[in-house]
Amino acid sequence: MKKYKHFKIGGIQHKIFNLVLIVIILMIAAYTAVIVFQVKNITSLVADTSEKQEKSIDDISGQTMSAVISSSLTSSSRMQATISDDLFMNLKNQVCALGDSVQRIFEAPDEHNEYPFYLPDMSKQGQTYVQTITAEGVDLDDQALRHKLGLISSLSDSMCSVYDNNNLNSYFVAFPEGAVMITDDRPEAKITEEGKILTLPVTERPWYVGAVETGELFFTDVELDAFTGQIGIVCSLPVYVDDKLVAVVGADMFLDSMSEAIAASKSEGAFSFIVNEKGHVVFSPEESGLFQVKASDEAVDIRMNQNRDFLEFINESFKITTSLELMEVEGVEYYMSGSPMPTVGWSLISVARKDVVDQPTVAMKEQYGAIQKEATDSYHTEMRFALLTIIVLVLVILILAIISALILAKRIVRPLERITDRVHSLGGDDLEFRMEDAYKTGDEIEILAESFAMLSAKTLQYVEQVTRVTAEKERIGAELSVATNIQASQLPRLFPAFPQRPEFDLYASMTPAKEVGGDFYDFFLVDNDHVCLVMADVSGKGVPAALFMMISRVLIKARIQNGEPVDIAISNVNNQLCEGNEAGLFVTVWAAVIEISTGRGEAINAGHEHPCIRRADSKYELEVYRHSVAVATMEDIKFKKHEFQLNPGDSLFVYTDGVAEATDSHDELFGNERMLEALNRNPDASPKEVLDNVMDGINEFVAGAEQFDDITMLCLKYIGA
């Protein structure tokens with residue numbers, strides 16, 4: 001809020017001024033409306049009529065052009081796609097027929113005679129016959145290869161007949177040894193000017209590679225013919241006998257006529273193009289832009305980096321004849337319709353630019369707009385003078401209204417300003433707002449002042465309460481810090497724990513979920529040849545669980561160090577903990593005593609997690625066996641003892657449920673499988689490294705999610721005497 005002289009901008013005074021001013025303006029507006037009512041009616045009628053006529057012209061012309069374009073493009077794309085696909089279907093049928101013949105020969109070669117085969121011969125120009133071409137280095141004197149060539153030569157007459165009666169460029173059978181028998185009438189294309197027969201890398205050609213890799217009928221992209229340089233497409237088919245590739249048969253045809261037909265489809269703003277299943281434009285009259293034809297090694301998928309509608313349209317055109325669609329491609333809008341060529345999996349798309357199609361409608365609208373403008377200009381000129389007179393009268397009334405509003409607003413706002421100044425002065429030790437005579441106006445302003453006085457009194461009370469609560473919270477925080485240190489000091493933390501005992505190595509850690517936790521571990525020598533390991537988890541969290549933990553640890557250690565067997569010791573501890581356990585706390589315990597010289601161990605599992613054992617040169621695995629109920633659940637429980645054997649090189653890993661139940665932000669548990677995966681990242685690592693690997697696995701999994709349970713682990717590696 002800003003103050004200008006005695007007037008506050010943005011305050012209540014300003015709002016009262018605005019209210020009075022608005023009321024006066026509305027009265028002026030009503031007066032003006034009576035004058036200009038008829039004028040507006042006439043103006044609105046003219047504008048509405050013009051708009052409806054323009055919209056009608058736009059709709060009718062647009063619908064007409066859309067219907068014409070839809071019929072034209074859809075019919076064109078369907079017809080051209082059908083004609084083109086018939087060519088590929090015939091090509092496919094001839095290749096399949098040749099494949100069947102070759103397979104029958106190689107399935108029963110002894111039932112067929114060998115015939116002579118021929119090389120390209122300049123004297124046979126213009127004659128259709130089967131010519132043999134090889135890759136560089138292939139020996140035609142190889143008996144196995146000559147046997148194959150002789151068998152396939154038996155098909156020479158039928159291959160020549162197919163070539164002469166179909167629009168094919170060539171008809172061929174290729175062999176894995178690097179030879180191919182080609183049927184055509186152009187032997188001169190395979191001979192150099194020096195009279196040397198050309199070689200052909202048969203097994204490297206796209207049609208050979210594609211057929212072998214797919215294992216089925218294969219159509220290549222549009223490619224240049226190896227001998228003539230003309231554009232064409234090859235259809236090939238692998239032939240297998242007893243799951244072994246014996247030949248690749250195929251045929252190709254030149255596509256000059258198809259390319260010329262696509263080029264002839266181009267007119268002003270319209271053209272057709274063909275796209276293959278990879279999204280490559282294989283035929284198009286366009287010489288630049290997205291629809292330009294490029295070599296197969298440079299071609300890009302036209303569906304990439306385009307809008308989703310265009311991608312779905314192209315994919316749909318591979319399946320069905322699409323309806324007319326309006327697409328925006330590279331900033332240009334096109335009407336498009338596509339039809340599939342199912343034999344090769346291609347699509348023919350007919351295209352028309354929207355701006356060219358819409359030109360008649362645009363021209364009609366522009367002509368109508370010019371006529372309308374001329375009629376309305378003269379009407380508006382006559383109205384300006386009358387409006388100017390009204391404006392002058394309104395301004396005079398408005399000035400008088402402003403002066404009156406300023407005086408009225410000042411009188412109403414003065415008590416509020418006094419309240420505001422007093423509220424701003426509150427601070428430090430002066431936080432009490434008191435009622436004054438200036439605030440007693442007998443209206444809402446007096447109620448507001450009384451509310452401030454009441455709020456001031458409550459604020460003083462709240463400040464006093466916050467001061468007390470803050471002091472208490474700081475005291476509790478200090479005590480929890482001391483409790484954390486006390487709990488941590490109760491657990492053995494000096495590592496290596498027993499440097500004088502080379503027979504084993506161990507390491508343990510505890511990460512509490514709160515300032516103090518309910519998990520604990522312990523390890524100690526019972527005598528010179530026995531070591532005790534304890535892993536436990538008290539129900540609950542915080543200070544009560546920590547106190548119960550410390551009592552449980554002391555009792556267990558005292559019992560076992562006094563020489564009691566581990567099962568008897570835990571049973572006695574159970575009875576002690578049940579006495580006066582009004583809080584209903586209990587503790588899950590895994591405890592074991594291991595004979596250091598032999599590795600033989602005795603353990604009890606009172607409701608605790610299953611331990612993991614790694615045998616030498618193996619991986620960690622869960623040691624699953626039936627365990628007893630938790631300690632402190634009921635008196636006089638007999639705990640079952642479990643015997644196990646550690647051999648030199650074996651490792652033992654025990655833990656609390658905070659490991660397996662660590663939770664990520666999606667409430668998914670870490671689980672035993674991920675725990676075993678972390679243990680086995682480096683199963684031969686030292687005990688400390690094993691625990692670090694598990695903790696790293698947990699941290700990677702939870703990714704910063706809040707820890708809800710204590711995480712306690714212990715690992716012992718038995719080395720032996």
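In strand 24, Met 510 finds its bridge partner in Thr 712. That pair is a handy place to start walking through this predicted model, where local features need pLDDT of at least 70, side-chain atom pairs count only at pLDDT 80 or more, and totals for chains, interfaces and linings use all residues. Residues are numbered from 1 along each chain as its sequence is written, and side-chain values use heavy atoms, with hydrogens and water left out.

Some bookkeeping helps. Helices (H or I, at least four residues) and strands (E, at least two) are DSSP runs, numbered from the N terminus, and the chain comes to 14 helices and 24 strands. Of its 721 residues, 41% count as buried, meaning under 20% relative accessible area; exposed is over 50% and partly exposed lies in between, with a 1.4 Å probe and protein chains only. Take contacts (heavy atoms within 4.5 Å) between residues at least 6 apart in sequence: 64% of them join residues at least 24 apart.

Back to Met 510. Which side chains of strand 15 are buried, and which are not? Phe 504, Leu 506, Ala 508 and Met 510 point to one face and are buried, while Asp 505, Tyr 507, Ser 509 and Thr 511 point to the other and are not. That fits the usual rule that side chains in a regular strand alternate between the two faces of the sheet. Strand 15 runs antiparallel to strand 24, and eight bridges join them; two strands pair if DSSP finds at least two bridges between them.

Zoom out, and these two strands belong to an open sheet of five, in the order 15-24-23-20-21, with antiparallel pairing. The edges are strand 15 (504-511) and strand 21 (620-622), each pairing on one side only. Neighbouring strands here are turned by 15° against each other on average, direction ignored; axes are lines fitted to C-alpha atoms, for helices over the stretch in contact, and angles run from 0 to 180 degrees between N-to-C directions. Further into the order, strand 23 (residues 651-655) and strand 24 (residues 711-718) pair in the antiparallel sense over five bridges, and Ser 651 stands opposite Lys 717 in strand 24.

Two helices pack on this sheet. Helix 13 (residues 671-679) touches strand 20 (612-614), strand 21 and strand 23, and its direction makes about 155° with that of strand 21. Helix 14 (residues 687-702) touches strand 15, strand 21, strand 23 and strand 24, at about 145° to the direction of strand 24. The buried residues of helix 13 are Gly 671, Met 675, Leu 676, Ala 678 and Leu 679. Their cover includes strand 20, strand 21 and strand 23, along with helix 12 (657-660) and helix 14.

Earlier in the numbering there is another open sheet of five strands, ordered 11-10-14-13-12 and again antiparallel. Strand 11 and strand 12 (325-329) stand at its edges with a single partner strand each, so one side of each is left without a neighbour in the sheet. The twist averages 45° from one strand to the next. Two bridges join strand 10 (residues 270-275) to strand 11, and Val 275 stands opposite Val 281 in strand 11. Helix 6 (residues 308-317) packs on this sheet, touching strand 12, strand 13 (332-341) and strand 14 (346-353), and its direction makes about 25° with that of strand 13.

Now for the empty space. On a 1 Å grid over the protein atoms alone, a cavity is a set of points where a 1.4 Å probe fits but cannot get out, whereas a pocket is an open set with protein on both sides within 12 Å along at least five of seven lines; lining residues have an atom within 4 Å of a point. The largest pocket has a volume of about 300 Å³, counted as the space filled by probe spheres set on the points, with grid points joined across faces, edges and corners. Of its 20 lining residues, Val 222, Ile 231, Val 282, Val 293 and Lys 294 are the closest to its centre. Strand 7 (223-224), helix 5 (256-264) and strand 11 (281-283) each supply at least two residues of the lining.

The structure also holds four cavities of 30 Å³ or more. The largest cavity has a volume of about 300 Å³, and of the 25 residues that line it, Ser 170, Trp 207, Asp 225, Ala 226 and Asp 252 are the closest to its centre.

Trp 207 turns up once more among the contacts of Thr 220, which also touches Pro 206, Ile 233, Val 234 and Trp 346, not counting residues up to four places away in sequence. Thr 220 is found in the loop between strand 6 (218-219) and strand 7, and is buried, with a relative accessible area of 3%.
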